[in-house]
Amino acid sequence: SDGEGGWFIAGGLTGFLSRVLHLKADKSIDSLFNSTFDVVDATNPNFGSPTVKAIAITTSTVYVGGIFDRVDGATRNNAAAFNKTTGVLTSWNPNVTSSDVANFPAIVNILAVSTSTVYIGGFFDGVGGQVRNSLAEVDITTGAITSWNPMQYIDINTTPNIYTLVLASTSIFVGGDFSSTTLTVGGLGRDYLAQLNFNGSSTT
């Protein structure tokens, strides 16, 4: 919901160049949200068409994530943000990447917003030029990476895939394709579902 009776809709929207649409309360399409999403190496079968898989909304900003590397011609690797009123692309740019992009392109599956940060979950091993294993926290305004880094490899040949992320009052719940044989979450082995404190440690 946009908080005003309308909705933001995201995905691989057939018939639209944009992957993010704003349906206003009167059911008309907001012409200000018309950004074009691209994948530069469209011939790589691992990429497919640009797709928005995640969306999170604050009073002023619409955050999106998915599979793309350009928005309106500007470099935005799999995560971007728009001014909620004007639809203009902002400078927020966490730069979510994969070290083996030719075979395993990065994907952002889920976004969750707190007061000062945005949590990013998906399939990736880098954010803002630093190692982050499919789960990261970035500044809500700048997109700069924080020190929060709860997922650590046991098996370096396996990258977890995070599909869901929920913020509660005192902790963060994450779910996805990971196991205690391949990585630790907040210092402990967990299978498919984990509960984290906001400092990155795992709850008991």
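1. A good place to begin is the pairing of strands S15 and S18, which run in the antiparallel sense and are held in register over three bridges. Within this pair, Tyr153 stands opposite Leu183 in S18. The model is a predicted one, and S15, which covers residues 151-153, is where confidence in the chain is lowest, at a mean of 82.

2. The same two strands belong to an open sheet of three strands, arranged in the order S15-S18-S19 with antiparallel pairing. Its edges are S15 and strand S19 (188-189), each of which pairs on one side only.

3. Leu183, which is found in strand S18 (residues 183-185), deserves a closer look. Is Leu183 buried or exposed? Its relative accessible area is 1%, and because buried means under 20%, Leu183 counts as buried. Leaving aside its neighbours within four places in sequence, Leu183 is in contact with Met151, Gln152, Tyr153, Ile154, Pro160, Phe178 and Gly189. One of these, Met151, lies 32 residues away from Leu183 along the chain, yet the C-alpha atoms of the two are separated by 6.7 Å.

4. For the chain as a whole, the secondary structure comes to zero helices and 20 strands. Of the contacts with a separation of 6 or more, 41% are accounted for by residues 24 or more positions apart. Buried residues make up 48% of the 204 residues, while the chain exposes about 9500 Å², of which carbon and sulfur atoms supply 53%.

5. As to confidence, the mean pLDDT of the chain is 87, and 89% of its residues reach 70 or more. Which strand has the highest confidence? That strand is S8, at a mean of 97. Four of the five residues of S8 are buried, so this strand is largely enclosed by the rest of the structure.

6. Strand S8 pairs with strand S5 (residues 61-67) in the antiparallel sense over five bridges, and in this pairing Val64 stands opposite Ala80 in S8. S5 also pairs with strand S4 (residues 51-57), again in the antiparallel sense, here over six bridges. Ile57 stands opposite Val62 in S5, and a hairpin joins S4 to S5 through three residues.

7. Arg76, in the loop between strand S7 (74-75) and strand S8 (79-83), is a residue that a careful reader may wish to inspect. Arg76 is buried yet has no salt bridge, and the nearest side chain of opposite charge, that of Asp72, is 9.1 Å away. Beyond its neighbours within four places in sequence, the residues in contact with Arg76 include Phe68, Asp69, Arg70 and Val71, as well as Leu89, Thr90, Ser91, Trp92 and Asn93.

8. Two residues in this part of the chain have a positive phi value although neither is glycine. For Asp72, phi is near 50°, and the residue lies in the loop between strand S6 (70-71) and S7. For Asn78, phi is near 70°, and its place is in the loop between S7 and S8. Asp72 is partly exposed, with a relative accessible area of 44%, whereas Asn78 is buried, with a relative accessible area of 7%.

Technical notes
Residues numbered from 1 in each chain as written. Predicted model: local features only at pLDDT ≥ 70, side-chain atom pairs only at ≥ 80, totals over all residues. Heavy atoms only, no water. Buried < 20%, exposed > 50% of the residue type's maximum accessible area, 1.4 Å probe, protein only. Contact = heavy atoms within 4.5 Å. Areas by Shrake-Rupley, 256 points an atom, 1.4 Å probe, with all protein chains shown as cover. Lys, Arg positive; Asp, Glu negative; His and termini not counted. Salt bridge = Lys/Arg side-chain N within 4 Å of Asp/Glu carboxyl O. pLDDT = per-residue confidence, 0-100. Pairing = 2+ DSSP bridges.
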